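Work through the exercises below with the structure open. Each task is followed by its solution in steps.

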Amino acid sequence: MVQRNRIVANLDWVTILLWLLMISFGWMNIYSANIMEAHGGIFDFSQRFGKQLIWIGASLLLAMLMLVLDAKFYIYFSYLLYIVLLGVLLGVLVFGKEINGARSWFIIGGFQLQPSEFAKPITALALANLLTSHNYNIRRFWHLIKAFAIIAAPPMLILLQPDLGSVLVYSAFLLVLFREGFSSNIMMMLAALGLLFFTTLLLEKALLLLILFSITLILSMIIARSFKKGAVNAAIVAALFGILFGVNYLLQTEFSLFVLGLAALTPVAVIITINGFRLREYVQMKILAGLLISILFIISVDFAMNNVLKPHQQHRIYVTLGIEDDPQGVGYNVNQSKIAIGSGGFSGKGYLNGTQTKLHFVPEQSTDFIFCTVGEEWGFLGTSFVILLYVGFLLRIIVLAERQRSSFSRIFGYGFISIILIHFIVNVGMTIGLLPVIGIPLPFFSYGGSSLWTFTMFLFIFLRLDASRLELLR
Amino acid sequence: MNQYRDRRYVFAAAIILVGLLFMIRLFHIQVMDNSYEQYALSNAQSVRTIYPARGLIYDRTGKIMVYNKAAYDIMVIPRQLETFDTTELCAILKITRESARERLSSAKSYSYRVPSVFMKQVSYENAALLQEKMFQFPGLYVQTRTLREYTSPIASHALGYVGEVDQDHLDKDPYYQMGDYIGVSGVEKAYEEYLRGQKGKDIFLKDVHNQAIESYEEGKLDVSVEVGKNLTTTLDMELQAYGEELMSHYVGSVVALEPKSGEVLALVSAPSYSPDLLVGRSLGVEFGKLATDTLNPLFNRALMAQYPPGSTFKTIMGLIGLQEKVITKKTEHHCYYGFYVGNIHTACHLHETPLNLIEAIQNSCNTYFINVLKSILQDVKFASAAEAYDNWRQHLLSMGFAQSLGIELTNELNGNIPTSDYFNRIYGENHWNYLTIRSLAIGQGELLATPLQMANMAATIANRGYYITPHLISEIEGEESIDEAYAKKHYTSIDTSCYGPIVDGMDLVINGGAGSTARNAKIEGITVCGKTGTAENPHGNDHSIFIAFAPKINPKIAIAVYVENQGFGTTYAAPIASLMIEKYLTGEVKRTWYENWVKQLIQPVAPARKKDSIVNDTLQNN
């Protein structure tokens, strides 16, 4: 009893209060999104709001269970849990039930469970264990690869399912590595490549080439502090391109604009390289190398998309990014979502008075698009409240994570922060039309047991570690 | 690691930045920009689904079989309803107020926001009238759809019907919405994805009078409608109609194929029903009636009825015997009123003796083919009867028996050829021989085949050794070719040279004079080759069977006829096949007296006197 009391005393009640605020406000909006004129009260378990009450009740129990377990349990069993998890993910591929084309669900007694959700906290545990193991040094190549392997294994298995959203979520674990000393240069490079990857899919290759060329040109002008040289180079490239384009047109040899652009760039690139060696202008050569790497990357992404992936996989990715239309029309949903949020105005239409979000035009109104209901019924005040709630919650977790003496606890805390942050960014960004539609839930708000339980467990494992912060030293 | 402690500020800054960015964006779309509010306030967008016309279906000669007529559904979105003059609405639609109230409450119980059907398929006049007064009835609108119409009430089993999509499909395929139509059976189901086309979507703004005023975002998000693809079936409308007419007094099936292409010329299952019955509003009621009919007209006998092949199977026995070189066409066997070994006896009818292979087919001699089975199973090439039997069965599999052939329709059954394991289980290993299973030699016993498989067998013999999977569609609009599975030649495991004597025997069955079992199937000027059969039926009278192809050289048609409970093959099945062949090859039927006899307009006695042979034939055939 004594020890348990100490846990209660050491728990961070501010965080718990924020957590309770989020799930109750979330439930209110799920209720509003699903309310029909005729239903059997809030305990109507055939309705989503009724079911969500069960999920919330169960998550309270889960939270307590997480607190009752000894903090050391999480540290000692982290690898074992991780191995069990990989087994389960393999199992779901074989025995799982297919919903919406993704074989990622177990059906247990009428309820659906998505094991890929539970993979998140367990991966964070395993990662924390690895990074705190004896003599681990993140700046060493093979040590880093180990960390990558732990992060990458679950999404690899999930990708077979195939659920692109989950894969994106796991990339957030790179942020944890960043906090633990992962080179910021490599981090920026990875971010740049990620950006390039998406732009390759989104834009015409020729246009992308033009953009990259312009960036390179401007960079080199700034570094050389000279406008003239760059302008001459640009003129040469433009003239060459014009000639090639004309020849291509006259001879009707159907080279793509991208190929013509590459051909036009080559002579200038060769001249710069030769001059670079001669005049020892290594900075300029580095910029040029960056351009070359980017071009190679574009070509390989393009090749992989068109030749390695099967047509239905390509389609899935394109639909996810909102490039191709699917039968339900992704573009249309985003518009509906924006209209719903936009029509809320400053103070909203009032609770339960929303009209747009209840339209079936926004198909995932209580899961992925729950933020629409907030926007429509509570207006700018409501959406700001939710965003401030998240910002406050995340900042509070940072404070908690930084006060740990145990690196394990801190790393796990940052794992939690990273995962919540990416969900928050992608989900809200998608509903307000800033990011493409990628179906991942808004933590603690969206309807669904698996995600609510996952995030609750994630949070309370961390709070349990935090409660023992004075005892844990590793 | 604490040397990186400062990186926490990067995290904090990123979080605050994201929050700030989101709030600016939200401030912009929620507070600054009023256009979203207007869209929503005027309840503005409406999505109008445009249903494409379903693809048309033509017969092989280019005559239209299935087309569309427009139908108008009155749809309701309960949430948009305002008080209106119910009396006027009821007057236009000619329904009672109670009925209107019921319809509304059922729509509400489905959904307040999703349109549901208020009234199905109202007349053009009513729909037009309602359209004019639509401003009085916010929440209601007219939805144009297409329904199937048929130029002739035939081929319902092959064509199938179109009905409202069920929950199962709604769950599986997001293309469909409640109330949409989908091919439920037949060609309509098999080629649904071609026939249905692509639904269009118009998104537009409405004014307060419930009228469309402009398209939303200049139609950027609209989906254009694509009309369904037209199909050409392999069916010959006239032949199909003629087959159905001939079979109208009987229960059974007729399947006619073009041997060299595997195209189905006619697919008759009797009793049939008019495809018009299963269209639109009447579908539910009529389907119920058909489903409870004791003769089961919905049952597609051509693909699903499994009968013993009867004596027609003797042709196959001959083929396998020749292939295994256990007989030649000169092999003779004696027969005196049947087959006797010890106290085992299988009866046969009176005919000359001894007979060679060709004559045995002509006379349909039971004894002969039991002896063929004996030679096959006692072949010294094999270690045991079971092994020889398995080899025999393998030949049958190569001819398409005991498996669904793969016609487009999904309800095709397999038929049955028992395995040696089956007999091992019943009689014990090595405790059975040709005597135990002698009924197989004459097409009885455990053998089962569908009429389609029988027609395919006739086509295989006509082709002298190969068949092409029977199929119903020869052309899809906009596609270069149909599924290549319907072009592939399936060669049987029997050499082409073996077919000659069998074809000669089948020629004599009809054109051989005395001793021939189906002289009545003869057509002047055309060499028809055929074989009669009778399937023993434990439930009642035997089934009458006939398979045939014509002409003998370069056959144009192969046919199988089953007439349930009508006794010997010669009696009805052979004349029906003969008339069908005459109709297809010459375009008209000159033997009208014969036609009338098949249609039972005259008693069988009358032509029997005139042609004297028919009574004898019926006795002769097994």
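Contact here means heavy atoms within 4.5 Å. The model is predicted.

**Exercise 1.** List the residues that B:Trp392 touches, leaving out residues up to four places away in sequence, and place B:Trp392 in its core.

Solution.
1. The contacts of B:Trp392, with residues up to four places away not counted, are B:Phe313, B:Met317, B:Ile320, B:Ile376, B:Ile417, B:Leu440 and B:Leu447.
2. The largest nonpolar core has 136 residues, and B:Trp392 and B:Ile576 touch the most other members.
3. Helix H18 (residues 451–462) of chain B gives this core its largest share, eight residues.
4. Domain 2 (48–233) and domain 3 (237–284 + 299–476 + 492–620) of chain B both contribute residues, so the core lies between them.
5. A separate second core has 115 residues, among them A:Leu127, A:Val176, A:Ile461 and B:Val18.

**Exercise 2.** Find where B:Pro271 and B:Pro551 lie, and describe the peptide bond before each.

Solution.
1. B:Pro271 sits in the loop between strand E12 (263–270) and helix H11 (283–292) of chain B. Its bond to B:Ala270 is cis, with omega about 0°.
2. B:Pro551 sits in the loop between strand E21 (543–550) and strand E22 (557–563) of chain B. The bond joining B:Ala550 and B:Pro551 is cis, with omega about -15°.

**Exercise 3.** Is A:Asn135 buried or exposed?

Solution.
1. A:Asn135 belongs to the loop between helix H6 (115–131) and helix H7 (141–159) of chain A.
2. Its phi is positive, near 70°, though A:Asn135 is not glycine.
3. Exposed means over 50% relative accessible area. A:Asn135 has 58% relative accessibility, so it counts as exposed.

Key
Residues are numbered from 1 along each chain as its sequence is written. Chains are lettered from A and ligands numbered from 1 in the order in which they are written. This is a predicted model: local features need pLDDT of at least 70, side-chain atom pairs count only at pLDDT 80 or more; totals for chains, interfaces and linings use all residues. Side-chain values use heavy atoms; hydrogens and water are left out. A nonpolar core is a set of buried Ala, Val, Leu, Ile, Met, Phe, Trp, Tyr and Cys residues joined through side-chain atoms within 4.5 Å. Buried means under 20% relative accessible area, exposed over 50%, partly exposed in between (1.4 Å probe, protein chains only). Helices (H or I, at least four residues) and strands (E, at least two) are DSSP runs, numbered from the N terminus. Domain bounds come from an automatic or database domain assignment.
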